[in-house]
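I opened this entry to keep track of what I looked up, step by step. The notes follow the order in which I went through the model.

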Amino acid sequence: MHSAALELQPFHSRCTKIVVARPATGPSHGTIMSVPSRRTLSVWLRRLSTDRIERRCNLPGDAPLIVIEPVKAALRICALNDAAARLGLRESMPLADVRAMHPAIGVHHADAAADRALLEAVAGWCDRYTPLVGIDAPDGLLLDISGCA
C-alpha cells in the first residue's frame, strides 16, 4: 500500500459501490476515513501482475517469472513471482543483470490496463461481501468491514 493518506473518489462502473482511492496531500502516513467508527480492511495483492500472467499463459507456478517496464531508458523489473524472488531477484533490477544471472527466465512486459481490469474485477467480486470497496491502485483494495464480527 502507499504511505500517503488516501481519500476515496467515486469510480464509475456498473457497480456504484466501488470507489477509487487517490493519494491525498498532507503529512499523514495512514488511511484517513471521515467516520471514526468505520473499520477498513486493506488487501494487498502483491503478485497481481505475475498471477494474471501465469493464469493467462497457463504457466506453472514454480517457474520464475518477471515483469518488466522501461524506467529511465532501461528495462527494469516491476513485478516478480515467488520463484524469481527465491533466485535473489528483486524489483527495480535491470533486465540486463537478470539475463546475465538467469538467461532462461520468463520475461513479460508490464500491462497496467490488464492489471487494472483484473483489480476492478476482484473489487466487483468483493462487493457482495461489503457495502464499500475502494481500489488502491496499482495492487490494493480497501474494504469497509464496519459491523463485521
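**Overall layout**

I began with the secondary structure: the protein chain has 4 helices and 8 strands. The model is a predicted one. Going along the sequence, I wrote down the pattern β-β-β-α-β-β-α-α-β-α-β-β. Next I looked up burial, and buried residues come to 31% of the 149 residues in the protein chain. I also checked the contacts with a separation of 6 or more, and residues 24 or more positions apart account for 48% of them.

**The sheet of three strands**

In which order do the strands of the open sheet of 3 strands lie? I found β5-β4-β6, and the pairing is mixed. The edge strands are β5, residues 74-80, and β6, residues 106-109, each of which pairs on one side only. I looked up the turn between neighbouring strands of this sheet, which is 40 degrees on average with direction ignored.

I then took one pairing by itself. Strand β4, residues 65-71, runs antiparallel to β5, and 6 bridges join the two. As one example I noted Pro70, whose bridge partner in β5 is Leu75. For my own reference, strands of a sheet pair through backbone hydrogen bonds, either parallel or antiparallel.

**Helix α1**

What packs on the sheet? I found helix α1, residues 48-57, in touch with β4, β5 and β6. The direction of α1 makes about 120 degrees with that of β4.

I listed the buried residues of α1: Leu48, Ser49, Thr50, Arg52, Ile53 and Glu54. The cover over these buried residues includes β4, β5, β6 and also α4. After the helix comes Asn58, and I noted that its phi is positive, near 55 degrees.

**Asp115 in α4**

I went to helix α4, residues 112-126, and picked out Asp115. Is Asp115 buried or exposed? Its relative accessible area is 11%, which is under the 20% cut-off, so I put Asp115 down as buried. I left aside the neighbours within four places in sequence and found Asp115 in contact with Leu48, Ser49 and Arg52. Leu48, Ser49 and Arg52 are also among the buried residues of α1.

**The largest pocket**

I looked up the volume of the largest pocket, which is about 360 Å³. Its lining has 18 residues, and those nearest the centre are Ser49, Cys78, Asp115, Pro138 and Asp139. The elements giving two or more residues to this lining are α1, β5 and α4. Which element gives the most? I found that it is α4, with 3 residues.

**Aromatic rings**

How many aromatic pairs does a search of the whole structure find? The search gave me 1. The pair is Trp125 with Tyr129, and it is edge-to-face. I noted 5.4 Å centre to centre and 65 degrees between the planes.

I finished with the accessibility of both residues. Trp125 has 45% relative accessibility, so I entered Trp125 as partly exposed. Tyr129 has a relative accessible area of 55%, which is over the 50% cut-off, so I entered Tyr129 as exposed.

Notes. Residues are numbered from 1 along each chain as its sequence is written. This is a predicted model: local features need pLDDT of at least 70, side-chain atom pairs count only at pLDDT 80 or more; totals for chains, interfaces and linings use all residues. Side-chain values use heavy atoms; hydrogens and water are left out. Two strands pair if DSSP finds at least two bridges between them. Axes are lines fitted to C-alpha atoms, for helices over the stretch in contact, and angles run from 0 to 180 degrees between N-to-C directions. Contact means heavy atoms within 4.5 Å. Buried means under 20% relative accessible area, exposed over 50%, partly exposed in between (1.4 Å probe, protein chains only). Rings of Phe, Tyr and Trp (its six-membered ring) pair if their centres lie within 6.5 Å; planes under 30 degrees apart count as stacked, over 60 as edge-to-face and the rest as tilted. On a 1 Å grid over the protein atoms alone, a cavity is a set of points where a 1.4 Å probe fits but cannot get out, and a pocket is an open set with protein on both sides within 12 Å along at least five of seven lines; lining residues have an atom within 4 Å of a point. Grid points are joined across faces, edges and corners, and a volume is the space filled by probe spheres set on the points.
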